[in-house]
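Student: I've just opened this one and I'd like to know what backs up the words people use for it. Can we go through it together?

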Amino acid sequence: MIKGELLYEGKAKTVYATDNPDELLVYFKDDATAGNGAKHDIIAGKGIINNKISEFFFKQLKDRGIKSHFVEKAGEREMVVKKLDMIKLEIVVRNIIAGSLVKRLGLPEGTPLAVPIVEYYYKSDELGDPMLNRYHILALNLAKIDELNQIEHVAFSINTILRELLKAKNVDLIDFKLEFGRDKEGMVLLADEISPDNCRFWDVETHKKLDKDRFRQDLGGVEEAYQEILNRLTM
């Protein structure tokens, strides 16, 4: 595989073309941002850890029938993925109240939800990634109704799989963000990454935060928390 032209640079990853027109190379950076980029820092080794954690989760999901863009890990910080036409939505699955849901629902952080919920957000830095409902999505032609039904089904399936897997590692999955894209046949596949950057992980017993909230909330021990998640998953 030959690394080609830089196609995209985001807050945490860069994406390159390859000599295979159906595949891309994703490079995981150490950059960390919060507040739509208002806060920025470098978390030493974050890219290496997130690449390993994402590889672990994608493989676990594949073994359980969830299809994704993941092809293989190509280096400490690099992953080969299928080229997709990305759907401009972030899908957030919530199990326990945290983050913005505290203010929106007026309930304390850590309150379990009676059932998991799915939220949609429009991927637009200019607009601040606003929340959408299904009618907004259909009106903007971001996805079709059958695609939304599939996305929700897969999102809830992933939630069930990851919660069970993490519970065995003494970790609660509080909430997490997913992204999806269409392959050249029009199939909707899981994309992006699954890591402490876009998931909330808490220790089951102590409720210690083992994710990006340690950076967002200036709790310290960010590198150690990311490494601890990797260790729990792979040891």
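Tutor: Sure, what follows is a short run through some helices, strands, a pocket and a few single residues.

Tutor: This is a predicted model, where local features need pLDDT of at least 70, side-chain atom pairs count only at pLDDT 80 or more, and totals for chains, interfaces and linings use all residues. Residues are numbered from 1 along each chain as its sequence is written, and side-chain values use heavy atoms, with hydrogens and water left out.

Student: How do you know that the span of helix 1 agrees with what it should be?

Tutor: Helices are DSSP runs of H or I with at least four residues, strands are runs of E with at least two, and both are numbered from the N terminus. The expected span of a helix is 1.5 Å times one less than its number of residues. Helix 1 covers residues 46-63, 18 residues, so it should span 26 Å, and its end C-alpha atoms are 26 Å apart. The two values agree.

Student: And what about helix 4, how far does it reach?

Tutor: Helix 4 (residues 145-167) has 23 residues, and from first C-alpha to last it reaches 33 Å, close to the 33 Å expected. Its buried residues include Leu 148, Ile 151, Val 154 and Leu 165.

Student: Why is helix 1 called largely enclosed?

Tutor: Buried means under 20% relative accessible area, exposed means over 50%, and partly exposed is in between (1.4 Å probe, protein chains only). In helix 1, 14 of the 18 residues are buried, so the rest of the structure largely encloses it.

Student: What makes strand 2 enclosed as well?

Tutor: Strand 2 (residues 13-18) has 6 of its 6 residues buried, so it earns the description too. Both faces are covered: Lys 13, Val 15 and Ala 17 are buried on one side, and Thr 14, Tyr 16 and Thr 18 on the other.

Student: How do you know that strand 2 is paired, and with which strands?

Tutor: Two strands pair if DSSP finds at least two bridges between them. Strand 1 (residues 3-9) and strand 2 have 4 bridges in the antiparallel sense, with Glu 9 opposite Thr 14. Strand 2 and strand 3 (residues 23-28) have 5 bridges, also antiparallel, and here Tyr 16 stands opposite Leu 25. Both pairs pass the cut-off. The links are hairpins: 3 residues join strand 1 to strand 2, and 4 residues join strand 2 to strand 3.

Student: Why are strands 11 and 15 called edges?

Tutor: Five strands form an open antiparallel sheet in the order 11-10-9-12-15. Strand 11 (131-132) and strand 15 (199-203) each have a single partner strand, so one side of each has no neighbour in the sheet. Further in, 7 bridges join strand 9 to strand 10 (residues 112-122), where Leu 89 stands opposite Tyr 122.

Student: Is Glu 90 buried or exposed, and what does it touch?

Tutor: Glu 90 sits in strand 9 (residues 89-96). Its relative accessible area is 14%, so it counts as buried. Contact means heavy atoms within 4.5 Å. Not counting residues up to four places away in sequence, Glu 90 touches several residues, among them Tyr 120, Lys 123, Asp 129 and Lys 177.

Student: What makes Asp 41 partly exposed?

Tutor: Asp 41, in strand 5 (residues 39-42), has a relative accessible area of 42%, so it lands in the partly exposed range.

Student: Which accessibility class does Asp 218 fall into?

Tutor: Asp 218 is at 61% relative accessibility, so it counts as exposed. It is found in the loop between helix 5 (213-216) and helix 6 (222-234), and has a positive phi of about 55° although it is not a glycine.

Student: And is Asp 192 buried or exposed?

Tutor: Asp 192 has a relative accessible area of 15%, so it is buried. It lies in the loop between strand 14 (188-190) and strand 15, and its phi is positive too, about 60°.Student: What makes the second largest pocket a pocket?

Tutor: On a 1 Å grid over the protein atoms alone, a pocket is an open set of points with protein on both sides within 12 Å along at least five of seven lines, and lining residues have an atom within 4 Å of a point. The lining here includes Phe 58, Gly 65, Phe 70 and Leu 189. Helix 1 gives the most to it, with 3 residues.

Technical notes:
1 Å grid on protein atoms, 1.4 Å probe; cavity = no way out; pocket = protein on both sides within 12 Å on 5 of 7 lines; lining within 4 Å.
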